[in-house]
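Hi everyone, thanks for coming. Let me walk you through a structure that is new to most of you.

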Amino acid sequence: MVDYCAVKAALTNLTKALSKEFGPQGIRANSISPGPVLTDLWLGNGGIAETVAQGSGSNAREVADRAVAGTPSGRFTTPDEVADLALFLASDRAANITGTDMTIDGGFITTL
């Protein structure tokens, strides 16, 4: 996950820079940071849940359940919910949103 985390941080900073560079031309730049999503990254063979389970003597389902158990929503985000956020950000309804990173994680991250 080190490579994923590094790239995610770089993308967030790149988004900020792009919004400053191209905002005056009417081009918006935003990024989306999903938490646990119902995808193979988390739940597939060799995914996060399986990898953590192997290291902890647990099983992948228990790891996945624990990952979201303490969140306000108590569940994984769906791919459709992430897509809906992307569509919103690309729409005219988000015309003055730029240079931001939108987190969609059901309350997974508890820090500011």
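I'll start with the domains and then move on to the pocket.

A quick word on the source: this is a predicted model, where local features need pLDDT of at least 70, side-chain atom pairs count only at pLDDT 80 or more, and totals for chains, interfaces and linings use all residues. Residues are numbered from 1 along each chain as its sequence is written, and side-chain values use heavy atoms, with hydrogens and water left out.

The chain is assigned domain 1 (1-35 + 79-111) and domain 2 (36-76), with bounds from an automatic or database domain assignment. Nine residues from domain 1 and 12 residues from domain 2 make the contact, meaning heavy atoms within 4.5 Å. The C-alpha centres of domain 1 and domain 2 are 24 Å apart.

How many salt bridges are there between domain 1 and domain 2? The count is one, where a salt bridge is a side-chain nitrogen of Lys or Arg within 4 Å of a carboxyl oxygen of Asp or Glu. Arginine 75 also has a salt bridge to look at: its partner is glutamate 81, with the closest N and O atoms 2.6 Å apart.

Now, which residues are closest to the centre of the largest pocket? Of the 16 that line it, they are Lys8, Pro34, Gly35, Pro36 and Trp42. A pocket here is an open set of points on a 1 Å grid over the protein atoms alone, where a 1.4 Å probe fits, with protein on both sides within 12 Å along at least five of seven lines; lining residues have an atom within 4 Å of a point. Domain 1 and domain 2 each give at least three residues to that lining.
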